[in-house]
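Reader: I would like a close look at one part of this model, the place where the two chains meet. Please set it against the background of each chain.

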Amino acid sequence: MGLASYATKKILEGFFTVIIAITIIFFLVNLAPGNPIYFIAGDPVFLSPAVVEYYTKLWGLDKPLYERYLIYLSNLFRGELGNSYRFGGPVAQVIVERIPLTLSLTITSNVLAFIAGTFLGLRAARSFGKGFDNALTVTTFFFNSIPGFFLGILLMLTFGVYLKLFPVAGLMDLRNPKTGIMLYLDIAYHAFLPVLTLTLILLPAYFKTVRDSAVQQLGEDYVMTLRAVGMDERRIFNKHVFRNVILPPITLLAIRLGFSLAGAALIENVFGWPGMGRLLLDSIRERDYPVLMGIYFTIVVTIVAVSVVLDLIYGILDPRIKSRG
Amino acid sequence: MARELRISEALRSARFIFRDRSVVAGIVMLSFIGLLAVLVPYLNVPYFNSMDFPRFSPPSPKNPLGTDHLGRDMLARVLWGARVSLAIGICAAGLASVIGIVLGSVSGYFRGRVGAVIDGLINVFQVIPAFFLALVLLVMFGSSLYLLMLVIAVTTWPMIARIMRAQVLSVKERLFVEAAKAIGCGDIHILFKHVIPHAIPPALAYTILEIGSAIMMEAGLSYLGLGDPNYPSWGRMIYEGQPYVVSAPWISLIPGVFLVYTVIGVNLVGNGLLKIFNPKLAQR
């Protein structure tokens with residue numbers, strides 16, 4: 001199979017995955033009990049039928065389900081996500097406002113976890129079976145077993161409430177608002193604890209992947225040869241073993257970056273960070289279906305796009321993958 | 001004869017498993033909490049919903065773990081919570097593993113059109129963020145323990161299905177499968193009697209790990225207020241203590257400690273088994 005047809009196949013697969021995923025969630029949301037009008041406007045007892053009728057027409061809820069589905073799909077193809085029930089404005093705008101806030105948390109913490117995890121993993125493999133290795137293995141095992149939101153609460157209590165080193169919650173200091181560069185520093189200061197929480201939660205997988213495959217490399221002939229010629233142990237690891245173990249954590253990083261829009265909902269909730277996760281929870285509670293679907297669409301497209309790109313890159317780097325399909 | 005062989009084989013693998021220290025440690029940790037969860041109705045603790053005590057009382061001789069914002073005994077709630085959290089974890093993971101094992105092995109064994117459909121399903125479920133889907137389902141359809149279990153199972157089976165499919169793909173090529181075919185066994189018979197028993201161990205180990213993730217997922221969903229309000233799961237208790245986390249931190253922290261303890265136990269057992277059954281998978 002040539003590269004072009006391989007790429008076409010992967011892209012088509014991705015396209016259909018998105019369509020199916022959208023279909024599932026569309027019917028789930030629209031078949032669920034509860035009329036969104038009542039969630040937003042209040043108890044039906046106090047609503048005049050005219051108002052209900054007006055909104056039913058406006059939001060197209062009077063049409064049969066399959067028609068709404070087709071309308072939704074055709075709107076999606078035109079890049080139209082509809083209008084928010086709550087805010088009235090276009091969904092795309094509501095979502096776009098939140099994206100940078102969430103990405104600043106998730107990308108930062110993923111990259112930090114990747115770097116720290118890889119570094120610590122290599123370092124632990126170097127002292128395989130000794131104190132340093134064991135201590136790190138136990139610590140990362142612990143962080144792998146603690147729910148992120150609970151770790152967030154613990155860190156918030158320790159550093160925010162008792163030690164008063166960092167702000168407990170929020171995006172910025174509302175009491176004395178800053179401007180210019182100071183505003184960004186203030187946001188970074190507020191982001192510290194959520195980023196720390198996420199990094200600690202994400203780190204174990206990188207650490208384990210790198211450490212275990214580096215330990216496996218220790219038995220390889222080339223390591224023995226390099227040792228025999230008297231190469232510095234650190235150089236063996238940072239140069240030669242490193243090259244052989246770096247691919248899996250990079251793949252993991254890429255996949256996780258794909259999920260990065262969805263990944264921080266709980267921790268955003270702990271720290272009152274107004275990102276995608278908060279928007280998602282609010283729109284679910286308020287039955288703001290268009291925003292909900294919009295967030296979902298954005299997340300799924302990101303994930304699929306990243307995985308298609310990843311497949312293509314691997315297809316180019318390793319010709320064997322293409323022939324396997 | 002065959003049965004004796006199977007028993008001795010089981011004993012041998014049991015001995016093999018118990019040689020792994022982390023598995024033993026995990027089993028000890030879990031049996032402690034499991035025993036408490038089973039025995040709690042017979043223990044001398046107050047009813048978990050009775051509000052007979054002063055509110056916000058810190059740990060004291062009368063209430064060893066303190067009381068919560070409604071004056072309920074924390075010890076009683078945490079132990080009853082163990083029942084709820086463990087039940088959800090075990091049922092959700094069990095259900096997910098049944099779905100995953102059946103679909104995964106059918107897709108691996110038959111390939112063709114059926115396999116393609118199942119593969120497609122697995123792919124779709126892998127791009128849908130599980131937590132997101134669970135959240136939507138719970139809010140839309142109202143929250144209850146059973147729905148929680150179902151939702152967690154429905155969103156987490158694809159991983160087990162993938163492992164199972166990979167296993168079946170390799171077991172299928174082995175000689176005894178060919179031999180079974182040669183003597184005229186049907187596909188269904190071969191799949192369930194010969195292929196699945198050989199392919200299943202890593203999937204089972206993963207199911208145990210899944211119990212831990214299911215408990216954590218339940219906690220996360222409950223933390224957002226989507227748990228069943230009638231029963232004290234650990235996640236639900238952390239959620240209820242959240243507004244008082246500064247003034248009465250024990251309300252949230254104690255169930256959290258139990259939660260982490262249990263997940264550590266589960267992960268010790270699961271990881272250890274995965275290492276024994278399939279060294280390659282354990283590295284992930």
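Author: What follows covers the contact between the chains, then each chain by itself, then one loop residue.

The model is predicted, so local features are described only at pLDDT of at least 70 and side-chain atom pairs only at pLDDT 80 or more, while totals for chains, interfaces and linings use all residues. Residues are numbered from 1 along each chain as its sequence is written, and chains are lettered from A and ligands numbered from 1 in the order in which they are written.

Start with the contact itself. On one side are 34 residues of chain A, and on the other 32 residues of chain B; two residues are in contact if their C-beta atoms, placed from the backbone, lie within 7 Å. In chain A, the elements that supply two or more residues to the side touching chain B are α1 (3-31), α6 (131-144), α7 (148-162), α8 (180-217), α12 (265-270), α13 (276-285) and α14 (289-317). The largest share comes from α1(A), which gives six residues. By type, this side of chain A has 26 nonpolar, six polar and two charged residues. Here Ala, Val, Leu, Ile, Met, Phe, Trp, Tyr, Cys and Pro count as nonpolar, Asp, Glu, Lys and Arg as charged, and the others, Gly among them, as polar.

Now the chains. Chain A holds 15 helices and zero strands, where helices (H or I, at least four residues) and strands (E, at least two) are DSSP runs numbered from the N terminus. Its C-alpha atoms fill a box of roughly 85 × 60 × 35 Å along the principal axes. Of its 325 residues, 35% count as buried; a residue is buried if 20 or more other C-beta atoms, placed from the backbone, lie within 10 Å of its own, exposed if 12 or fewer, and partly exposed in between. Among contacts in chain A with a separation of 6 or more, 74% are between residues 24 or more positions apart.

Chain B has eleven helices and zero strands. The box filled by the C-alpha atoms of chain B is roughly 75 × 45 × 30 Å, again along the principal axes. In chain B, 47% of the 284 residues count as buried, and 71% of the contacts between residues at least 6 apart in sequence join residues at least 24 apart.

One loop residue of chain A remains. Lys164(A) lies in the loop between α7 and α8 of chain A, and its phi is near 55 degrees, a positive value in a residue other than glycine. Most residues other than glycine have a negative phi. Lys164(A) is exposed, because 9 other C-beta atoms lie within 10 Å.
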